[in-house]
Amino acid sequence: MADKIDQIFVTLKALLLGYVPEALQPLVSGLLSVLLVLSVFPGIFALVTVIERKGLGRIQNRLGPNRVGIPFTKIRLCGFGQFIPDGIKSLTKEDVVPRAADKVVHYLAPIVMLVPVLLAYAVLPFGRHMTIADFDAGLLFFFAVGGAVEVSVFMAGWSSRNKYSLLGAMRAIAQMISYEIPLILSAVTVVMIVGSLNLSEIVQQQNAYTHGLAHWFVFTPWGLVGFLLFFIASLAESNRCPFDLPEAESEIIAGYFTEYSGFKFALFFLGEYLGMFAIIGLGITLFLGGWTSPLAALTWIPSYVWFFGKLAAIVFVFIWIRGTLPRLRMDQLMNLAWKFMLPLALINIVVAAIWHFMAVDWPRWLVCSALIFGAYVVLGRGLMKHQKLGKRTYRFAE
Amino acid sequence: MSLSLIILAFVTLLAASAAMSLRNLVHCALALAVTFAGLAALYLNLDAQFVGFAQILVYVGAVAILIVFAILLTRSGDTPNEAVLAPGWISGIAISAGVFTVLGWAVLNSKALPSSGTLSLAPAATVKDIGKVLMEQYVLPLEVIGLLLTAAMIGAVVIALKEPSKSSSSRGDEAQIKKTEQVEPSHVGSYVGEKKGAA
Amino acid sequence: MSPLQTCLLISALLFAIGFAGAVTRRHAILALVGIELMLNAANLNFIAFWRYGAHPEALTGILFVIFSIAIAAAEAAVGLALIIAIYRHYRTSNLDEVKDLKG
């Protein structure tokens, strides 16, 4: 029974495909998967915008949106209908294009942003046997399409002919390039251990249990460090606080999409959130066991529930961080990426190799943990050396 | 010869011509990114999956961005008013047309091209196979590439570093202006250089 | 015309376009772009010969392209750094105005 619920979407799709002639089956199969992604993830986006506003509101000791429910009824749903008026508002707003703007590039930028982000979902395993395109080089595909986002950010920033847009775009590109390296290097450890770039294979390797506990990579020393590095880099890649310099409202208005309004602005917003979900999904797949359950006793819960549950948990952490941490300065951002995360990621690769070749016993835990801890202490001290960090003194007007 | 190949080739060649003929340099760089993506799609069409993805990762994600950065750092982002072609451009076009004619003639009339196996099944080139060959048969070239990338990284950083101002006495004001202008470019340039090496 | 010949013709045309751009444009960055296009045309040839050649299992074409991509990336980094250095020195990046090697 649990098995049937687990595979309900797969069987449903096979059932639907049965009604389609043989020649059209690949096409219809692809269309069905695309439709599912196009309906599920924007739906999650709509919910997350409300949850984020409410969560930030709670953190800042206010209520957040709590009025809008189902239209034309008295049902309020604690304000979870807020995304409907938000969507209507952004769709019906006037689309303003600056007169000096480069019209074609300005028009194309949001599309170039959204297409690669949606493509990235093709390789993520959402559940058991639920990968849309099971590429042999799936991980490489994910990072490759992620690179195209930088082009769109530049297009948006440059074509607007606005200094804030260009500044935001330059900040965003410098940040994305810098954090892409620790991101990829932390994923390399997983590839080394699994021996495959195929994401389904990576999940399959973590789908084993000893003493009832899953073999998630986050439960190993190198995996924990890799996950933390990946997590920080993914915060930066999705331009989230504390790495939200590209769209720092108090400095450069809205960064590279300052000059966008209406539907195009909504597309950027959507693209940014979908990119965030995709990169979180990749992090889950690489380190948190994808669709597997943490305990052997809980395997009866369907696989997609685990995937989306983990997604929701990490999105919550993202919102929590946004409500808690202040924004970094540009030099702090670069120092963190180049002087701390990059060396640590490189050392982590060596640690993963040692882990792979040492015998399965307690000494490898000791050696690997000691290596990582030593590297962390040395690098952290190096990062903090030239910063005169003392107790902050305040001067008040007498 | 499939329809997808023709369409992809058309898009790629059109974008390549645009990249070489548009007046605005940023438009050229964006057309270049389209060319690279089209080439990657052509590789995928030829069943070279790994190379196609690597092409997008390196060229669209890094080289195109690098070129865009260079365009902005040399302040050539605006459409130029003067001529964009070199004085002897007619002979240049003629020579390149000649090159294409010779190459095309050779391709169409060569007897050395393998004619059999043109419709064979896609050869298997999994990542595992590529990795194995790379680590066994081609390990020396791999090491040399690593050395080359390190050298390129160091070289790019050294070239793009801020020059020490030597003419402080004779052209004081001008040097001062130059210096203030140079602060940002050298900064960004070195980041870009570092990125290339590490990628 | 066999698929191999189609691919070779495409790459020949790409090479010619890159060559024409590298020779005729005044701006240094576009010369570099032209060189990149020519390199990519060569890569396309390697892939086509690997795909339709006699021994695809040897993977020679693919390996050659992978190395070539790495070299092209290094070349672009150094070339653009050179262009930026030239721009700082001469305040121009038009190739025909950069005529002497003396500062």
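A cavity is a set of points, on a 1 Å grid over the protein atoms alone, where a 1.4 Å probe fits but cannot get out, and its lining residues have an atom within 4 Å of a point. Rolling a probe the size of a water molecule over the atoms shows where empty space is left.

This is a predicted model, in which local features need pLDDT of at least 70, side-chain atom pairs count only at pLDDT 80 or more, and totals for chains, interfaces and linings use all residues. Residues are numbered from 1 along each chain as its sequence is written, chains are lettered from A and ligands numbered from 1 in the order in which they are written, and side-chain values use heavy atoms, with hydrogens and water left out.

## Enclosed space

The count is seven cavities of 30 Å³ or more. The largest cavity holds about 350 Å³ of space. A volume here is the space filled by probe spheres set on the grid points, which are joined across faces, edges and corners.

Which residues lie nearest the centre of the largest cavity? They are A:Gly146, A:Val149, A:Glu237, A:Gly275 and A:Ile279, out of 25 lining residues. Five helices of chain A each supply at least two residues of this lining: α5 (103-120), α6 (138-159), α7 (163-194), α9 (221-237) and α11 (262-287). Helices are DSSP runs (H or I, at least four residues), numbered from the N terminus. Helix α6(A) gives the most, with seven residues.

The lining of the largest cavity has 14 nonpolar, seven polar and four charged residues. Ala, Val, Leu, Ile, Met, Phe, Trp, Tyr, Cys and Pro count as nonpolar, Asp, Glu, Lys and Arg as charged, and the others, Gly among them, as polar.

## Two domains in chain A

Chain A is divided into domain 1 (12-92) and domain 2 (98-330). Such bounds come from an automatic or database domain assignment. The centres of the two domains, taken over C-alpha atoms, are 19 Å apart. Their contact takes 16 residues from domain 1 and 20 residues from domain 2. Contact means heavy atoms within 4.5 Å.

The two domains bury about 1,600 Å² between them, with 86% of it on carbon and sulfur atoms. Buried area is the accessible area (1.4 Å probe) that two parts lose on being put together, summed over both. On the domain 1 side, A:Phe41, A:Phe45 and A:Glu52 supply 37% of the area buried against domain 2, more than any other three residues.

Two salt bridges are counted between the domains. A salt bridge is a side-chain nitrogen of Lys or Arg within 4 Å of a carboxyl oxygen of Asp or Glu. A:Glu52 also appears in a salt bridge, with A:Arg322 as its partner.

## A pocket shared by the domains

A pocket differs in its rule: an open set of points with protein on both sides within 12 Å along at least five of seven lines. The second largest pocket has a volume of about 1,200 Å³. Its lining has 39 residues, and A:Phe45, A:Thr49, A:Phe265, A:Phe269 and A:Tyr273 lie nearest its centre. Helices α3 (25-59), α4 (83-92) and α11 of chain A each give two or more residues to this lining. The largest share, nine residues, comes from α11(A). By class, the pocket lining has 17 nonpolar, nine polar and 13 charged residues. Both domains of chain A take part, each with at least three lining residues.

## Three chains

Two pairs of chains touch, and the most contacts are between chains B and C. Their contact takes 72 residues from chain C and 87 residues from chain B. The area buried there is about 7,000 Å², of which carbon and sulfur atoms give 78%. C:Arg25, C:Arg51 and C:Arg88 lose the most area on the chain C side, together 11% of what that side buries. One salt bridge crosses this interface. C:Arg51 forms it with B:Asp47.

Chain B gives 25 residues and chain A 27 residues to their contact. About 2,400 Å² is buried between chain B and chain A. Zero salt bridges are counted between them. No contact joins chain A and chain C, whose closest C-alpha atoms lie 14 Å apart.

## Salt bridges

Over all chains the count is seven salt bridges. Among them are these three.

| Salt bridge | Closest N to O |
|---|---|
| A:Arg322 and A:Glu52 | 2.7 Å |
| C:Arg51 and B:Asp47 | 2.7 Å |
| A:Asp86 and A:Arg53 | 3.0 Å |

The pair A:Asp86 and A:Arg53 links helix α4 to helix α3 of chain A, 33 residues apart.
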